[in-house]
Structure formats: C-alpha cells, structure tokens
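Good morning, and thank you for making time for this presentation. May I ask you to look at the sequence and the structure as they appear?

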Amino acid sequence: MSMPFSHFLPVPQLSRTSPLASQNCIVPFRYPQAPKLAPSRPTSESQGLSGSGKPSTLLGRSSLTPNIGSDQLGVAKSELYGARRRDVKFGRVRLRAVVSEERAVEREGNGKVGGRDGEDCYDAIVIGSGIGGLVAATQLAVKGAKVLVLEKYVIPGGSSGFYERDGYTFDVGSSVMFGFSDKGNLNLITQALAAVGCKMEVIPDPTTVHFHLPSDLSVRVHREYSDFLRELTGRFPHEKEGILKFYGICWKIFNSLNSLELKSLEEPIYLFGQFFQKPIECLTLAYYLPQNAGAIARKYIKDLELLSFIDAECFIVSTVNALQTPMINASMVLCDRHFGGINYPVGGVGGIAKSLANGLVEQGSDIQYRANVTNIILENGKAVGVRLSDGRKFFAKTIISNATRWDTFGKLLKGENLPKEEREFQTRYVKAPSFLSIHMGVKAEVLPQDTDCHHFVLEDTWSRLEEPYGSIFLSIPTILDPSLAPEGHHILHIFTTSSIEEWQGLPQKEYEEKKQLVADEIIRRLETKLFPGLKSSIAFMEVGTPKTHRRYLARDEGTYGPMPRNVPKGLLGMPFNTTSIDSLYCVGDSCFPGQGVIAVAFSGVMCAHRVAADIGLEKKSPILDNALLGVLGWLRSLA
Ligand SMILES: NC(=O)c1ccc[n+]([C@@H]2O[C@H](COP(=O)([O-])OP(=O)(O)OC[C@H]3O[C@@H](n4cnc5c(N)ncnc54)[C@H](O)[C@@H]3O)[C@@H](O)[C@H]2O)c1
Ligand SMILES: CC(C)=CCC/C(C)=C/C=C/C(C)=C/C=C/C(C)=C/C=C/C=C(C)/C=C/C=C(C)/C=C/C=C(\C)CCC=C(C)C
C-alpha cells in the first residue's frame with residue numbers, strides 16, 4: 001500500500017496527537033545550570049526583556065524578510081521596536097524569524113545589497129541549517145556574533161529534520177541520538193541546546209541497538225555496559241579477554257575525550273592549553289588519532305565472527321567496516337551509549353533543530369528558509385558573501401558552509417580551481433552511497449511485546465554487510481514515544497544503503513515500480529526475520545530513494561557522508577573547518593570528525609571557536625595560528 005511519493009514535504013495538517021504540536025519541545029526555556037559550550041554573554045542584546053519591559057534581543061539587529069510562503073504557513077506578527085517578529089507556523093509548531101521592514105534586504109539592482117555596508121554586514125553567514133550549521137551559528141551568536149543562517153528548505157535540521165503525515169511525525173534520518181545525556185563533556189547536543197537556553201525532555205533508550213546477524217547471532221547492546229559485556233562474552237566466552245581489552249581501549253580513549261574542554265583543534269592557544277592541563281589525555285588521543293578500530297581489535301581478538309560483529313558495530317556509525325573506522329570515532333560511540341546512554345527527545349529528533357533555530361533568533365541572529373545559496377562570492381580570493389537563486393546577495397566577514405565539501409567546492413564555488421587541499425581530500429575520501437528509506441505506519445499489534453527500538457538486520461552472510469541493500473537499519477521511535485503516531489499504531493523507519501546511479505534516468509512509472517519492488521523485498525525480509533504479518537499491518541508507507549535525499553537534503557548524489565577511499569590513517573586525513581579560501585569555513589560531516597549528529601555538532605563547536613577567534617571574539621595569536629595550521633597541513637599530508 002505505497003502512497004504517492006512526496007517525501008519530506010512539510011504539510012500544514014498536524015494531528016492533535018502530534019507531540020511536535022506541543023509547545024513543550026519548541027519553546028526554549030531557560031536552562032537552570034551554566035551551559036558548558038560557549039555560554040551566552042549577558043549583553044544588553046541577549047538578556048531577553050530589557051528594563052523597559054521590551055524584548056532587547058531585537059535591538060540593533062539586522063533583520064530579514066522571511067522567505068517563507070504564507071500560502072503554506074500561518075504567520076503571526078507583533079510590532080517590536082519598529083521590527084516585526086514573525087512567528088512562522090508549521091502546523092502548530094512555531095519557528096521564529098525576525099523581520100524588519102526598514103532593513104529589508106534589497107534586491108540586486110535596487111540600490112543597497114543586504115548586509116554590505118557597515119551596520120548590516122554580518123559576522124558570519126551560515127549556508128545550511130543541518131545540526132552542524134546550527135551549532136556553529138548558535139555558538140557564534142552566544143559569543144556575541146551577528147549571524148545569518150540561510151536554509152534552502154522550509155524548516156531547519158537537514159538530515160535531522162522531521163516531517164508529518166496522517167498523524168505520524170517521522171524523523172527524516174537517524175533516531176539514535178548520542179551526546180544527549182546530562183553528564184560529562186561529550187553530551188554535545190545537550191550542551192548546544194543549553195547554550196541558547198533550551199532543554200528538551202528525553203526518554204532513555206534501554207537498548208542502543210538489537211543486532212540480528214548471520215548464524216542467528218543476536219546481540220542486544222544494553223544501556224548498562226556490564227549487561228552488554230555479559231551478553232557478548234556469553235556468546236564468545238573464549239574471547240572474553242580480547243573483548244575486555246578492545247572495549248577497554250575504547251574506554252581509555254573515551255575517558256580522555258570526556259576529560260577535555262572541547263573547542264577548535266585548529267586554535268593553538270586552546271590546543272596548547274589542553275596539552276598543558278591534560279598531557280596524558282592529549283597524548284593518548286594523539287596516539288590513537290591515526291589508528292583504526294579494526295586493526296586494534298585484531299590485536300586482541302582472533303574469532304572471525306566476533307571481528308565481523310565489530311565490523312557491524314562500526315558500520316552503523318561510519319558506513320564502512322572496522323578496518324576503515326577511526327578508533328577515536330569508534331570509541332566515542334561504543335562508550336557514549338553506555339556512559340550517557342542513548343536518549344530520544346520527546347516529540348522527535350526534529351525538535352532539536354527547531355529549538356536551536358529558535359534559540360538562534362532569541363540571541364538576536366537570523367535564519368531564513370527557502371534561501372537557496374547558489375554561489376559563494378569571492379573578492380580577491382576572499383569569501384565575502386553569497387548569492388541566492390532569487391538574485392539576492394548577502395555579505396559577511398566570514399562564510400560557513402554546512403553543505404558537503406563536494407557541494408561547496410563543486411557547486412557553490414563552481415568555476416574556481418579546486419584548491420590543492422580539496423583535491424587531496426577527494427583523493428582520500430569518496431562520497432558514501434546514499435540510502436533508500438521507508439517511513440511506515442503499522443498497526444501496533446504486529447510488534448511482539450518487548451520489541452526493541454532500534455534493530456540492525458543482516459541475515460545470511462557477512463559479505464553483504466557493506467553491499468547495497470545488504471544490511472537493514474530499523475528504528476521504531478514510537479516504542480519510546482508513542483505520541484509520534486496515531487493511537488494503536490507504530491512508526492517503522494527502515495533504511496538501507498543504495499546508490500543514486502541505479503535510480504537515475506528511469507521514466508516515472510518505472511521509478512515508482514522499482515521503489516515498490518525494492519520496498520516489498522525489504523518488507524519481506526523483515527517479515528521473515530522479525531515481524532510476521534508485517535505487510536498486512538501497514539497503514540501508511542512512503543519510500544525515499546537517493547534521488548529524494550539529494551533533492552531534499554541538498555547533498556551531492558544524496559550521499560550519507562564521506563567515507564575513506566582506502567584504509568585511512570584514522571582521523572589524520574580529515575580536514576578541520578578552515579579552508580584554503582580566506583574567510584571560508586566548512587562545517588558538517590565532511591569535516592573532522594565525520595558522519596554522525598554528535599560528530600557534526602562537534603564540528604560546529606570547533607568551527608564557531610575558530611571563526612570567533614578570527615573575527616576577534618576569542619583570543620588569537622596570528623604567529624601561533626600560522627605555525628599550527630602549517631603543522632596540521634603537514635600531518636594531513638601524511639594520511
Ligand atoms: N543522511 C541521513 O539520513 C542522516 C540522518 C540523521 C543524521 N544524519 C547525520 O547528520 C549528518 C549531516 O549533518 P550536517 O550538519 O553535516 O548536514 P545536513 O546535510 O544534515 O544539513 C545540511 C543543510 O544544509 C542545507 N543546504 C545545503 N546546501 C544548501 C544551499 N546551497 N543553500 C541553502 N541551504 C543548503 C540543506 O538543505 C540542509 O538542511 C550526517 O553525517 C549524518 O551522520 C544523517
Ligand atoms: C594533532 C592534533 C590536532 C591533536 C592532538 C591530540 C588531541 C588533543 C586530539 C583531540 C581530539 C578530539 C577532541 C577528538 C574528538 C572527537 C569526537 C568528538 C568524535 C566524535 C565522533 C562521533 C561519531 C563518529 C558519531 C557517529 C555516529 C553515527 C554516525 C550514528 C549513526 C547512527 C545510526 C546510523 C543509527 C543506527 C540505527 C539503527 C541501528 C536503527
């Protein structure tokens with residue numbers, strides 16, 4: 001019962017049951033504790049109500065005409081200081097954009113161009129509102145910068161967005177949230193929200209993932225580390241020592257990471273400061289930086305099935321096997337799931353981006369939707385602004401691209417010679433395939449009691465792990481938050497790797513038929529392995545292909561992210577945020593440390609710190625900068 005396909009388009013109708021309709025996860029409330037990441041400076045512009053009782057967040061801010069059609073959206077306006085705050089509604093969900101008519105951006109050829117002359121010039125323009133872009137933007141805003149985020153789509157979040165259909169609230173991408181706990185230094189999502197005064201209610205997930213693997217190997221990754229160890233060593237008693245050693249090294253790395261204050265590794269004052277304060281931890285990280293999980297696992301573990309299990313563990317977070325997965329990244333996820341645990345935001349993953357976007361506006365910065373950047377404007381080799389598909393131009397001291405590096409250098413800087421550093425990046429990393437996703441609503445009774453929330457299915461042979469359609473990811477977020485679906489129903493979000501080549505050039509009818517065929521086969525496999533009767537229980541279904549993901553996520557070939565072409569030297573070859581173009585920075589999953597929501601959040605934190613130093617909001621030493629950037633460039637050349 002496949003429905004006509006119109007994936008990801010937000011629709012105005014919103015079920016009364018939808019938690020996104022509740023103000024709960026949308027309206028940021030003041031976070032009671034001091035946030036760790038870039039705490040907001042209490043300036044006259046960031047304190048909310050001024051002494052006169054008027055909202056001071058809008059004072060002195062440049063504001064923009066929201067680029068969102070009121071045909072789809074309900075719009076509420078209120079007069080504030082000659083500026084108008086426009087609360088843009090998606091269903092009953094409000095996203096705030098700040099509107100100031102006297103400062104409305106003028107079109108090309110109509111005199112002033114937005115943000116060019118002095119007062120209106122932004123400190124930073126962020127292209128794209130994925131989690132990477134939003135974290136960079138909010139972190140900069142709370143440091144006092146004036147930021148403009150330009151998002152092509154109609155809501156924020158990119159891969160971490162949401163959409164609504166027939167009373168279901170679907171997460172566009174993964175529902176497995178790392179970094180969302182209330183402890184340690186690595187809860188970067190919690191901290192990013194806290195920095196703009198937001199906190200979301202979360203539901204602890206008792207099992208990160210339930211693996212269903214060849215030879216009926218079934219492993220539940222329990223929240224409690226000791227329970228997970230018991231289950232794994234129970235299946236591989238002869239490898240108990242190897243298991244303890246491998247996961248033990250993961251913990252050593254995780255604890256080192258968790259002890260640091262996380263900021264830009266491209267900023268020498270901070271980096272040397274960390275080495276001075278935590279020499280053992282920094283040296284531990286430096287030692288493991290060029291290493292991969294598979295090679296370390298092989299030092300301690302000989303059982304091939306167990307090594308394949310570790311491949312599957314790594315594949316989930318890197319779309320490649322353990323031999324190609326950086327040890328730091330593996331350690332991060334293999335331990336955070338037990339340390340802080342996996343926690344699901346009430347109302348769905350989309351609430352994170354919405355809260356960050358609202359928080360950004362609360363800080364006096366701006367976000368525009370349906371703002372499709374087509375060019376980065378260079379002057380004398382320096383990035384100075386952007387041009388949109390509708391002809392508008394905006395200018396800023398710095399430009400931050402949350403588009404992938406392939407899109408940034410291949411499309412937004414089209415016509416420019418590809419810088420040497422980017423050529424090297426592209427020789428080391430290729431675009432990971434895209435994926436096929438099925439968003440489904442099913443009758444609740446088809447799921448057995450105690451079904452886990454997340455599953456990874458690879459039935460017959462390990463060799464299919466990395467093949468297209470070989471492994472199936474399945475999340476059932478309604479196990480944790482039933483309000484995401486109409487009563488008596490569950491959401492099944494299924495995805496599997498798939499390349500764009502096989503979907504291109506098909507006539508519409510064949511394209512639709514192929515989607516149905518591939519979806520039917522995946523449903524058949526899940527029916528056999530997990531849920532007998534699945535097909536007949538389907539109440540709603542939509543299938544997205546790599547073409548869909550390319551279109552709605554604006555990612556070249558719909559790629560899931562970068563993956564190493566060969567065996568990488570751990571994270572050594574991954575570029576940070578600065579680029580070879582003056583004042584142009586990248587953020588997101590084609591920057592250190594790579595794919596993953598928490599990974600791009602870290603990339604956002606690093607980027608904001610480096611940009612803040614470059615525009616004078618953080619300490620900076622030009623001499624040390626040059627020295628460190630030289631060393632980092634040299635280290636990358638070794639990768
Ligand atoms: N692919 C998935 O299904 C999925 C799901 C969940 C999480 N994730 C994780 O999220 C990570 C990606 O996060 P991210 O922050 O790097 O980016 P993202 O791809 O999530 O977001 C990028 C945003 O930039 C916008 N954009 C791109 N080009 C633009 C342009 N020219 N003009 C205006 N806007 C533009 C896109 O519309 C999108 O909203 C992935 O690595 C992945 O691990 C992915
Ligand atoms: C030389 C230099 C520069 C230096 C020296 C030394 C040092 C100091 C160093 C440092 C370092 C650092 C800090 C680092 C950091 C890192 C980090 C933070 C990282 C992170 C990572 C993360 C990640 C990777 C994540 C990922 C995740 C993911 C991807 C997820 C996914 C999920 C999914 C897909 C879901 C599944 C589902 C189912 C099963 C259903």
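In which loop does D450 lie? D450 sits in the loop between strand 17 (434-443) and strand 18. Please keep in mind throughout that this is a predicted model.

I begin with D450 because its backbone deserves a remark, and the reason for its exposed label is a count of 8 other C-beta atoms within 10 Å. The phi of D450 is near 65°, which is a positive value in a residue other than glycine. As background, most residues other than glycine have a negative phi, and most peptide bonds are trans. S215 is another residue with a positive phi, about 55° here, although S215 is not a glycine. S215 is found in the loop between strand 9 (207-213) and strand 10 (217-222). S215 counts as exposed because 11 C-beta neighbours fall inside 10 Å, where the cut-off for exposure is 12 or fewer.

One peptide bond also calls for comment. F592 and P593 are joined by a cis peptide bond, with omega about 0°. P593 belongs to the loop between strand 23 (584-586) and helix 15. We shall meet P593 again at ligand 2.

Let me now turn to the overall architecture. The protein contains 16 helices and 23 strands. Of its 639 residues, 55% are buried. Among contacts with a separation of 6 or more, 74% link residues that are 24 or more positions apart. The UniProt record, in an unreviewed entry, places the feature "domain: Amine oxidase" at residues 131-513. Over residues 131-513, helix accounts for 38% of the chain and strand for 23%. The end C-alpha atoms of that stretch are 34 Å apart.

The division into domains follows. Domain 1 comprises 19-176 + 347-428 + 566-635, while domain 2 comprises 223-341. How many residues does each domain bring to the contact? Domain 1 brings 27 residues and domain 2 brings 24 residues. On the side of domain 1 that touches domain 2, helix 15 and helix 16 (622-637) each supply at least two residues. That side of domain 1 has 15 nonpolar, eight polar and four charged residues.

Helix 16 merits a closer look. Helix 16 has 16 residues and reaches 22 Å from its first C-alpha to its last, close to the 22 Å expected at 1.5 Å a residue. Is helix 16 largely buried or in the open? The number of buried residues in helix 16 is zero, so helix 16 lies largely in the open.

We come to the ligands, beginning with ligand 1. Its shell holds 33 residues, and the closest are G128, G130, G158, G173 and G588. Two elements give two or more residues to this shell, namely helix 1 (131-142) and helix 15 (597-614). Helix 1 provides the largest share, three residues. By class, the shell around ligand 1 has 12 nonpolar, 16 polar and five charged residues.

Ligand 2 is likewise surrounded by 33 residues, and here the closest are L285, N329, P593, G596 and A599. P593 is the proline of the cis peptide bond with F592. The elements giving two or more residues to the shell around ligand 2 are helix 6 (279-288), helix 8 (304-318), helix 9, strand 18 (454-457), strand 19 (472-475) and helix 15. Which element gives the most to this shell? Helix 9 does, with four residues. The shell around ligand 2 has 24 nonpolar, nine polar and no charged residues. Domain 1 and domain 2 each contribute at least three residues to the shell around ligand 2.

Finally, I would like to stay with helix 9 and consider one of its residues. M332 lies in helix 9, which spans residues 327-341. Why is M332 classed as buried? M332 has 25 other C-beta atoms within 10 Å, and the cut-off for a buried residue is 20 or more. Leaving aside neighbours within four places in sequence, M332 is in contact with F254 and L257. M332 and W251 are 81 residues apart in sequence, and their C-alpha atoms are 8.5 Å apart in space.

Thank you for your attention; I welcome your comments.

Definitions and conventions: Residues are numbered from 1 along each chain as its sequence is written. Chains are lettered from A and ligands numbered from 1 in the order in which they are written. This is a predicted model: local features need pLDDT of at least 70, side-chain atom pairs count only at pLDDT 80 or more; totals for chains, interfaces and linings use all residues. A residue is near a molecule or strand if its C-beta atom, placed from the backbone, lies within 6 Å of it. Ala, Val, Leu, Ile, Met, Phe, Trp, Tyr, Cys and Pro count as nonpolar, Asp, Glu, Lys and Arg as charged, and the others, Gly among them, as polar. Domain bounds come from an automatic or database domain assignment. Two residues are in contact if their C-beta atoms, placed from the backbone, lie within 7 Å. The expected span of a helix is 1.5 Å times one less than its number of residues. UniProt positions are given in the numbering used here, feature names are shortened, and annotations may be inferred rather than shown by experiment.
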